[in-house]
Amino acid sequence: MSCVSLKSVVYWEDPVASAVVFVPVAVILVALSIWSLIYVVAWTGLTVLIGVCALKVFGVVMEKLGKPNPLGDPLAQIGQIDLSVDQEKVSGYLGCIVSKLNCATSHIKKIILVEDVLETVKFGALCYTLTYIGSWFNAITLVLIAWILTFSLPKLYINNQAMADEIFGKLKVQYDALQEKVFNKPAVVKED
């Protein structure tokens, strides 16, 4: 089984590998937006079991008929995958996660206690904006939209790179000009 990079999957360099990653997750996300998590997990498990049993039965039938199995043995490839978890890697990841979590909680404490007024205003504006987004979509819909955009935007960018770079260049110039006006405005000094 070959190792496929995340970049090649997202850029659809191998459409079969990209579809194998994209379609099941998209189907599960759509199902989660319609049904409960327990229902989706149960049906996903049953679907996988039915698929594996169908492959096994097909293999036995082809063997009894004396014909070669045209699919080979796809379950053998899956059976060879090592699913064990390396404790050293997990402890390394946990250390990194705890460090980032401590940094985030410290930053959130400063925001909530209004120690940095600008950050607190940004947080308030973000929360206010999220109330509108939350009234339009639920979280699973946003995750589904993000998943679809993850697989479509890179390919759209590659296909329209010249036009996209021109638009991004114009937006960057406008953003830099706006940032210059807002954050680098000289203070007005009143003289008595």
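Helices here are DSSP runs of H or I, at least four residues long, numbered from the N terminus. Keep that in mind, because this is a predicted model and I will use those helix numbers throughout.

Start with Phe137. Phe137 sits in the loop between helix 6 and helix 7. Its relative accessibility is 34%, so Phe137 counts as partly exposed.

Phe137 has company. It belongs to a nonpolar patch on the surface. The other members are Tyr128, Tyr132, Trp136, Leu142, Ile145, Leu149, Leu153 and Leu156. Together the patch residues have about 900 Å² of accessible area. Which elements give two or more residues to the nonpolar patch? Helix 6 and helix 7, the latter spanning 139–159. Helix 7 gives the largest share, five residues.

Now the rings. The structure holds nine aromatic pairs. Take Trp35 and Tyr39. Their ring centres are 5.4 Å apart, with planes at 45 degrees, so this pair is tilted. Trp35 is partly exposed at 45% relative accessibility. Tyr39 is partly exposed too, at 37%.

Next, Tyr128 and Tyr132, which we met in the patch. Why is this pair called edge-to-face? Because the planes stand at 80 degrees, and over 60 counts as edge-to-face. The ring centres are 5.3 Å apart. Both tyrosines lie in helix 6, four residues apart, about one turn of the helix. Tyr128 is exposed, at 52% relative accessibility. Tyr132 is partly exposed, at 40%. The cut-off matters here, because exposed means over 50%.

There is also a ring cluster. Ring pairs link Trp12, Phe22, Trp147 and Phe151.

Two of those cluster residues, Trp12 and Phe151, also touch Ser18. Ser18 lies in helix 2, residues 15–34. Buried or exposed? Ser18 is buried, at 0% relative accessibility. Leaving out residues up to four places away in sequence, Ser18 touches Ser8 and Val9 as well as Trp12 and Phe151.

Last stop, Thr120. We are back in helix 6, residues 117–136. Thr120 has 19% relative accessibility, so it counts as buried. The line is drawn at under 20%. What does the side chain of Thr120 reach? The backbone oxygen of Asp116, at 3.0 Å. Setting aside neighbours within four places in sequence, Thr120 is in contact with Lys110, Ile111 and Val114.

To recap: a nonpolar surface patch that includes Phe137, nine aromatic pairs, and two buried residues to look at, Ser18 and Thr120.

Notes. Residues are numbered from 1 along each chain as its sequence is written. This is a predicted model: local features need pLDDT of at least 70, side-chain atom pairs count only at pLDDT 80 or more; totals for chains, interfaces and linings use all residues. Side-chain values use heavy atoms; hydrogens and water are left out. Buried means under 20% relative accessible area, exposed over 50%, partly exposed in between (1.4 Å probe, protein chains only). A polar contact is a pair of N or O atoms within 3.5 Å; within protein, one must be able to donate a hydrogen and the other to accept it, and residues adjacent in sequence count only if both atoms are side-chain atoms. Contact means heavy atoms within 4.5 Å. Patches are made of residues with over 30% relative accessible area and no salt bridge: like charges are joined within 9 Å, nonpolar side chains (Val, Leu, Ile, Met, Phe, Trp, Tyr) within 5 Å. Accessible areas come from the Shrake-Rupley method with a 1.4 Å probe; for residues, only the protein chains shown count as cover. A salt bridge is a side-chain nitrogen of Lys or Arg within 4 Å of a carboxyl oxygen of Asp or Glu. Rings of Phe, Tyr and Trp (its six-membered ring) pair if their centres lie within 6.5 Å; planes under 30 degrees apart count as stacked, over 60 as edge-to-face and the rest as tilted.
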